[in-house]
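This report is a short guided reading for someone meeting the structure for the first time. Please keep the sequence and the 3D view at hand while reading.

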Amino acid sequence: MFKFYKTFPFLIVLVVITIDQLLKFWVKCNYSLGDNIFSYGFVSLDFVENPGMAFGLSFGSVISKYILSLFRVLAVIAIGYYILKLIKTKANTKFICLVSLIFAGALGNIIDNLFYGLIFDSGTTWNEDIGYWVGYSGVSKVNFKGYGTFLSGCVVDMIHFVFYWPDWVPFGLGGGEIFPPVFNLADMCISTSVFSIIVFYKKIVRKEDLEIRFKKLK
């Protein structure tokens, strides 16, 4: 039982990253940037690339992107250490699962940032002349020659929930989209896990789980 307790967080991470990356590769290798892959009800698959943070938030320079990528790497290392600490101290299983999902989501997007610029032949890049991120035409191919450098890859997003405000809503919102960002499975794992931790905080988080000490784990 304890062996499973120690290994199931890694299984969660493996499954999430595998599905996340397979979905991203499938979209990028079969569709052009901006394509609507399908729509069913309020759920739509729309291929976009994000040079910045989750849910379409981005910064206006290559340097800021590099800084963000490095910050993500450090954050993932810290979360990974925290998971090991939770396992060692036998924290609530549900809490470990949720933190593992956050770790998997963050790592899934970091893979895009670190390696997609080296793997694919085309992608969204920063144009110094106009000071803006510029897309590309056609379908990308895996050629390992790359369209950029290490840390320069853009995150592939595709999940889009399409809802519109009623026309009578004030403040200029009427008829507009309620939640325009396009995201991916990794983003969904992060956001739903954080929300769940907040909602069930008192039931799944112990006092000692908040005391992070960066020392060697035995």
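## Overall make-up

The secondary structure of the chain, in this predicted model, consists of 5 helices and 5 strands. Read from the N terminus, the elements follow the order α-β-β-α-α-β-β-β-α-α.

Of the 218 residues in the chain, 40% are buried. Among contacts with a separation of 6 or more, 70% are made by residues that lie 24 or more positions apart.

## Helix H3

Helix H3 covers residues 93–119, and its 27 residues span 37 Å from the first C-alpha to the last, which is close to the 39 Å expected at 1.5 Å a residue. The helix nevertheless carries a kink of about 35°, with Asn 113 at its centre. At the start of H3, the backbone nitrogen of Lys 94 has a side-chain oxygen of Asn 92 within 2.8 Å.

H3 is largely enclosed by the rest of the structure, because 19 of its 27 residues are buried.

## Two nonpolar cores

The largest nonpolar core contains 27 residues, and those with the most contacts inside it are Leu 86, Phe 95, Ile 96, Val 99 and Ile 197. At least two residues of this core come from each of helix H1 (2–30), helix H2 (62–88), H3 and helix H4 (185–199), and H3 gives the most, with 10 residues. Once neighbours within four places in sequence are set aside, Phe 95 is in contact with Tyr 82, Leu 86, Ile 197, Ile 204, Val 205 and Asp 209.

Another core, of 14 residues, lies apart from the largest one, and Ile 37, Phe 47, Tyr 136 and Cys 154 are among its members.

## Strands S2 and S5

Strand S2 (residues 43–50) runs antiparallel to S5, and 6 bridges join the two. One of the residues concerned is Ser 44, whose bridge partner in S5 is His 160. Strand S5, made up of residues 155–161, is mostly covered, with 6 of its 7 residues buried.

## Thr 124

Thr 124 sits in the loop between H3 and strand S3 (125–127). Is Thr 124 buried or exposed? Its relative accessible area is 6%, and the cut-off for burial is under 20%, so Thr 124 counts as buried.

Not counting residues up to four places away in sequence, Thr 124 touches Leu 33, Glu 49, Trp 133, Val 134, Gly 135, Tyr 136, Tyr 147 and Cys 154. Two of these residues, Tyr 136 and Cys 154, are also among those named for the core of 14 residues.

Conventions
Residues numbered from 1 in each chain as written. Predicted model: local features only at pLDDT ≥ 70, side-chain atom pairs only at ≥ 80, totals over all residues. Heavy atoms only, no water. Helix = DSSP H or I, 4+ residues; strand = E, 2+ residues; numbered from the N terminus. Expected span 1.5 Å × (residues − 1). Bend = angle between axes of the 7 residues up to and from the residue. Buried < 20%, exposed > 50% of the residue type's maximum accessible area, 1.4 Å probe, protein only. Polar contact = N/O pair within 3.5 Å; in protein donor to acceptor, adjacent residues only side chain to side chain. Core = buried A, V, L, I, M, F, W, Y, C linked by side-chain atoms within 4.5 Å. Contact = heavy atoms within 4.5 Å. Pairing = 2+ DSSP bridges.
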